[in-house]
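Ready to work through a structure by hand? Keep the picture open beside you and try each exercise before you read its solution.

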Amino acid sequence: MTTTEPTTPTSWADDYDIFDKGYVADPFPIWDDLRGSCPISHTERWGGSWLPTRYEDVSAIAHDTVHFSSKEVLVTPAPVPEDGQEQEMIIQLGGEVAAPPITSDPPEHQWARRLILPMFAPRAVEKYEPITRELCRELVAELVAAGKGDAAVGYSQQIPVRIIAKMLGIPETMSETFTQWVRGALELGATDPEIRQESFKEIVTYLFEEVTKRKEHPGDDILSELLAAEVDGAPVPDFHVIGTGVLILVAGIDTTWSAIGSALWHLATHPEDRRRLVAEPEIMPLAVEELLRAYSPVTMARLVKEDVEVQGCPMREGDRVLLNFPAANRDPEVFERPDEVILDRAKNRHIAFGAGIHRCAGSNLARMELRVAIEEFLAAAPEFSLEEGAEVTWAGGQVRGPRCLPVVFG
Amino acid sequence: MKVRVIDEKCQGHGRCYALAPELFESDDLGNAVVCGDGTVAPGQEDDARLAADNCPEFAIEILES
């Protein structure tokens, strides 16, 4: 792996670069080409990986837990830890901190997932809708009052982090710090092993302290619930509780904020869709799914568990495969006019939240946040557009979405 | 018309109960179950098809009577 500025790939089929600036900003034509010419491409960059672009292949790999492991789900390899440091942590906590159940394979996966699913089921998520709505109203009011603003940093970025903090029983004042850690872990850290390692270390250290506090004084929050839970008559080990905390923190922030940002980018650049959504609020549930399809934020990875051939590609044990959900969701074999956003699209088996046993555990929460964020933004600002001359910037790789989205109102 | 959720296929995407809440609901884990015995009332046929057409796991079966 290298942290030097990479050169633009000469061939996307055997030298793709998911961090290439042009690709990050507009990957869609590249995926269209690849689907026709080389539906599973390969690169040696960033530790090497395979990249399927067809829905059928992405879905098949996501469902195949025999040949593909979730032990590493980030799109670039984990940095090699400094000597002894990780070992010390393992001894202290009685086990390695991963991020179960996203990093779990069967059979651990089943009980680890069962543990958290009730916390993210619709009934549990409903409780957070009023505070989400209130938060969105405050944020958008501030932007509208200013006449213009950054809908990524000033709005989208502020929403999921606060709801997750509330669920974990952590003060809202930690929001900025969490955002930095999560960006360090997933975005900046994807191409910089030091930032990534440092960010994960800070998150684990913080959660270790929080878990220690909850043991003395349990509260009404997810960490306390996990500490009180039993699996086969035994309490859940601390390293597991911390690991699940890492997952909830890291997976629930960057991803949803990116989805909200992309949705607002679309509505800022497509006035006819924006006006339709204002005029026909009843299509909102379908529109939310369509925006998730067209601008799916998340790409996950799998490691090949045993040698396997997929569509003629010889995948070897240890190889990394990128589950390119965003490309799958633009596959013309599955979606009519895939590059068009059709707000009330009726046939939409999108896999923005993955497929198979690792379907995003927080999808109900993400969907609620996205819906409420769009509703409240449009309620306060039915007319808005990109600020002329200001640059929209995008992040990509693991999670794709706008990082700077300057809009003007009226 | 009736709808049925194939439990072995359902992964709790929740698309059916989000799009057709009068036909599907969530259990405690977020997996889908049919409301009542799955009977689709007259006028709800399109919702039943919508739910089936949005399931990424092909876990919804429509039984035409």
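**Exercise 1: a helix on the inside**

In H8 of chain A, the buried residues are A:Ile159, A:Pro160, A:Val161, A:Ile163, A:Ile164, A:Met167 and A:Leu168. A quick note before going on: this is a predicted model. Your task: work out why H8(A) is described as largely enclosed by the rest of the structure, and find what covers its buried residues.

Solution.
- Step 1. A residue counts as buried if 20 or more other C-beta atoms lie within 10 Å of its own.
- Step 2. Seven of the ten residues in H8(A), which runs over 159-168, are buried, so the helix is largely enclosed by the rest of the structure.
- Step 3. Now look at the cover: it includes H7 (129-146), H9 (175-187), H11 (222-228), H12 (238-251), H13 (254-269) and H17 (363-380), helices of chain A.
- Step 4. Follow the chain just past the end of H8(A), and you meet A:Gly169 with a positive phi of about 70°.

**Exercise 2: where the chains meet**

Find how many residues of each chain are in contact, and say which elements of chain A take part with two or more residues.

Solution.
- Step 1. On the chain A side, 23 residues are in contact with 18 residues of chain B.
- Step 2. Two or more residues of that chain A side come from each of these elements: helix H15 (284-294) and H17.
- Step 3. Sort the chain A side by class, and you get twelve nonpolar, five polar and six charged residues.
- Step 4. Zoom in on H15(A): eight of its eleven residues are buried, which leaves the helix mostly covered. Among them are A:Glu289, A:Glu290 and A:Arg293, along with A:Leu291 and A:Leu292.
- Step 5. The packing partners of those buried residues are H13, H14 (271-279) and H17 of chain A, plus helix H1 (15-19) of chain B.

**Exercise 3: the nonpolar cores**

Which residues have the most contacts inside the largest nonpolar core?

Solution.
- Step 1. The largest core holds 114 residues, and A:Leu249 and A:Val250 have the most contacts inside it.
- Step 2. Leave out residues up to four places away in sequence, and A:Val250 touches A:Ala99, A:Val182, A:Ala185, A:Leu186 and A:Ile203.
- Step 3. There is also a second, separate core of 19 residues, with B:Val3, B:Cys10, B:Leu23 and B:Ile60 among them.

**Exercise 4: backbone oddities**

Locate the cis peptide bonds in the loop between H4 and H5 of chain A, then look up two residues with positive phi and decide: buried or exposed?

Solution.
- Step 1. The bond from A:Pro100 to A:Pro101 is cis, with omega near 5°. A:Pro101 sits in the loop between H4 (85-93) and H5 (108-116) of chain A.
- Step 2. Another cis bond joins A:Pro106 to A:Pro107, with omega at about 5°. A:Pro107 also belongs to the loop between H4 and H5 of chain A.
- Step 3. A:Asp232 isn't a glycine, yet its phi is positive, near 50°. You'll find A:Asp232 between strands S5 (230-231) and S6 (234-235) of chain A, in the loop. A:Asp232 counts as exposed because it has 5 C-beta neighbours inside 10 Å.
- Step 4. B:Phe58 has a positive phi near 50° too, and lies in the loop between helix H2 (45-53) and strand S4 (60-63) of chain B. With 11 other C-beta atoms within 10 Å, B:Phe58 is exposed.

**Exercise 5: a sheet and the whole chain**

Trace the order of the three-stranded open sheet in chain A, then check whether the chain's radius of gyration agrees with that of a compact globule.

Solution.
- Step 1. The order is S4-S14-S11, and the pairing is antiparallel.
- Step 2. S4 (148-150) and S11 (384-386) are the edge strands, each pairing on one side only. From one strand to the next, the twist averages 30°.
- Step 3. Three bridges link S11(A) with S14(A), residues 406-409. Here A:Leu386 has A:Val407 as its bridge partner.
- Step 4. Zoom out: chain A has 17 helices and 14 strands, and 49% of its 410 residues count as buried.
- Step 5. For 410 residues, a compact globule would have a radius of gyration near 22 Å; chain A comes to 21 Å, so the two agree.

Technical notes:
Residues are numbered from 1 along each chain as its sequence is written. Chains are lettered from A and ligands numbered from 1 in the order in which they are written. This is a predicted model: local features need pLDDT of at least 70, side-chain atom pairs count only at pLDDT 80 or more; totals for chains, interfaces and linings use all residues. A residue is buried if 20 or more other C-beta atoms lie within 10 Å of its own, exposed if 12 or fewer, and partly exposed in between; C-beta atoms are placed from the backbone. Helices (H or I, at least four residues) and strands (E, at least two) are DSSP runs, numbered from the N terminus. Two residues are in contact if their C-beta atoms, placed from the backbone, lie within 7 Å. Ala, Val, Leu, Ile, Met, Phe, Trp, Tyr, Cys and Pro count as nonpolar, Asp, Glu, Lys and Arg as charged, and the others, Gly among them, as polar. A nonpolar core is a set of buried Ala, Val, Leu, Ile, Met, Phe, Trp, Tyr and Cys residues joined through C-beta atoms within 7 Å. Two strands pair if DSSP finds at least two bridges between them. Axes are lines fitted to C-alpha atoms, for helices over the stretch in contact, and angles run from 0 to 180 degrees between N-to-C directions. The radius of gyration is taken over C-alpha atoms; the globule rule is 2.2 Å times the number of residues to the power 0.38.
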